[in-house]
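Biologist: Could you put the model up on the screen? I'd like to go through the terms you use and hear what stands behind each one.

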Amino acid sequence: MTFINYAAREINCKIVYYGPGLCGKTTNLQFIYDRTNPAAKGKLISLATETDRTLFFDFLPLDLGTVRGFKTRFHLYTVPGQVFYDASRKLILKGVDGVVFVADSQEARMDANVESLRNLEKNLSDHGFDLAVIPYVLQLNKQDLPTAVTPDEMYRQLNYKGEPTFEAVAPEGRGVFDTLKSVAKLVLMELKKK
Amino acid sequence: MSDFLLFDEEFHQIKDVISRLHKDAQSKVVFIVDKNGQQIAAQGDLETLDTTSLASLTAGNVAATDGLAKLIGEKEFPVLFHEGEKDNVYIAIVGQRVILVVIFDERSSLGLVRLRVRKASQELERVFEAIQRKIETEKDRTDVDSPFAEITDEDIDSLFRE
């Protein structure tokens with residue numbers, strides 16, 4: 001649900017990074033934070049456990065500039081990936097405008113990817129959203145690891161609706177901005193349709 | 001789900017209500033956030049405050065508490081209060097949709113804040129009902145183009161240029 005503030009001439013959009021535990025959602029946000037001009041970003045907030053596992057969410061506000069005279073603000077959130085945090089994960093999807101699914105390319109994590117994607121579909125639908133309709137991008141992360149499944153095979157197993165798909169190595173930033181740009185574009189294009 | 005649109009008229013009404021609340025409750029800061037974590041308006045000593053982070057964390061806090069309420073069979077907890085050594089945070093849900101936050105210190109008191117918030121909440125509820133009606137009307141209008149109808153790929157690409 002985009003928040004359009006005509007008084008302040010601002011568009012505020014919410015993007016959620018979803019995916020199984022340890023797939024690299026927080027790493028995506030960390031890279032974006034590190035590489036963004038300080039004037040364009042707010043504080044990166046991580047509600048994490050002592051062992052740096054996301055407990056509730058990470059949050060990064062980004063000001064991307066103006067489009068058609070409106071300042072565009074993107075609020076990036078991650079969810080906690082671990083299965084037992086489902087109640088918290090669901091809360092973060094409230095009012096979402098676009099979703100990035102970060103898949104872990106390691107062969108041993110394929111089942112976890114599939115399970116998390118199903119969980120995303122269900123949690124979105126509980127909020128009245130349809131994954132088939134909402135702006136959605138797939139990221140195949142950890143493609144540099146020796147046990148990585150090929151992008152073709154991952155796409156075969158995880159593609160939902162022919163969504164834009166990016167290979168990534170998040171700690172090095174490969175694919176990170178392409179993913180963000182793609183989802184932001186889909187969200188803004190959605191405004192055009194309304 | 002329809003977008004949340006905020007127009008000049010209602011924005012100023014909201015600003016008026018929270019300015020008055022800020023003064024009457026002798027608070028440090030008053031702000032309004034929607035339940036998705038977007039800040040709608042703020043009033044008070046804002047220079048030293050990261051209001052964007054505050055908005056997001058407040059919404060997270062309310063969302064978690066809502067979840068908690070449902071687990072024990074309550075509809076919601078309409079009021080939350082956090083007491084600190086110096087500063088306190090009073091959070092009230094307005095019209096089940098937006099969150100009103102008041103930060104105050106020893107110059108005020110919980111009783112005063114509670115009293116003033118109750119009155120302001122009623123006024124805000126009316127404003128947000130009016131906004132909702134306006135959004136519904138706007139949705140059905142076909143005679144006015146949205147400012148975003150003409151967004152091009154070029155516009156969007158320009159946002160990501162260094």
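Modeller: Sure, let's take chain B and its neighbour term by term. This is a predicted model, where local features need pLDDT of at least 70, side-chain atom pairs count only at pLDDT 80 or more, and totals for chains, interfaces and linings use all residues. Residues are numbered from 1 along each chain as its sequence is written, with chains lettered from A and ligands numbered from 1 in the order in which they are written.

Biologist: What makes up chain B, in helices and strands?

Modeller: Chain B has 4 helices and 6 strands, in the order β-α-β-β-α-β-β-β-α-α from the N terminus. Those are DSSP runs numbered from the N terminus: H or I over at least four residues for a helix, E over at least two for a strand. The C-alpha trace spans about 50 × 40 × 35 Å along its principal axes.

Biologist: Why is β2(B) called largely enclosed?

Modeller: A residue is buried if 20 or more other C-beta atoms, placed from the backbone, lie within 10 Å of its own (exposed is 12 or fewer, partly exposed in between). In β2(B), residues 29-34, 6 of the 6 residues are buried, so the strand is largely enclosed by the rest of the structure. One side carries B:V29, B:F31 and B:V33, the other B:V30, B:I32 and B:D34, and all are buried. For chain B as a whole, buried residues make up 33% of the 162.

Biologist: How do you know that β2(B) pairs with β3(B)?

Modeller: Pairing takes at least two DSSP bridges between the strands. β2(B) and β3(B), residues 39-44, have 5 bridges in the antiparallel sense, so they count as paired. B:I32 stands opposite B:A41 there. Their hairpin has 4 residues between the strands, and B:G37 takes a positive phi near 100°. β2(B) also pairs with β6(B), residues 98-104, antiparallel over 6 bridges, with B:V33 opposite B:I99.

Biologist: What makes α1(B) and α3(B) roughly antiparallel?

Modeller: The angle is taken between N-to-C directions, from 0 to 180 degrees, with axes fitted to C-alpha atoms over the stretch in contact. Under 35 degrees is roughly parallel, over 145 roughly antiparallel, 65 to 115 roughly perpendicular, and the rest oblique. Here the angle is about 175°, with the axes 10 Å apart, and α1(B) and α3(B) are therefore roughly antiparallel. The residues of that contact divide into 9 nonpolar, 1 polar and 4 charged. Nonpolar means Ala, Val, Leu, Ile, Met, Phe, Trp, Tyr, Cys or Pro; charged means Asp, Glu, Lys or Arg; the others, Gly among them, are polar.

Biologist: How many residues does each chain bring to the contact between A and B?

Modeller: Chain B brings 31 residues and chain A brings 35. Two residues are in contact if their C-beta atoms, placed from the backbone, lie within 7 Å. On the chain B side, α2(B) gives the most, with 8 residues. By class that side has 16 nonpolar, 9 polar and 6 charged residues. The β1 strands of A and B also pair, parallel over 3 bridges, and A:I4 has B:L5 as its bridge partner.

Biologist: Which residues have the most contacts inside the largest nonpolar core?

Modeller: They are A:V16, B:I32, B:L100 and B:V102, in a core of 93 residues. Such a core is a set of buried Ala, Val, Leu, Ile, Met, Phe, Trp, Tyr and Cys residues joined through C-beta atoms within 7 Å. Helix α5 of chain A, residues 176-193, gives the most to this core, with 8 residues.
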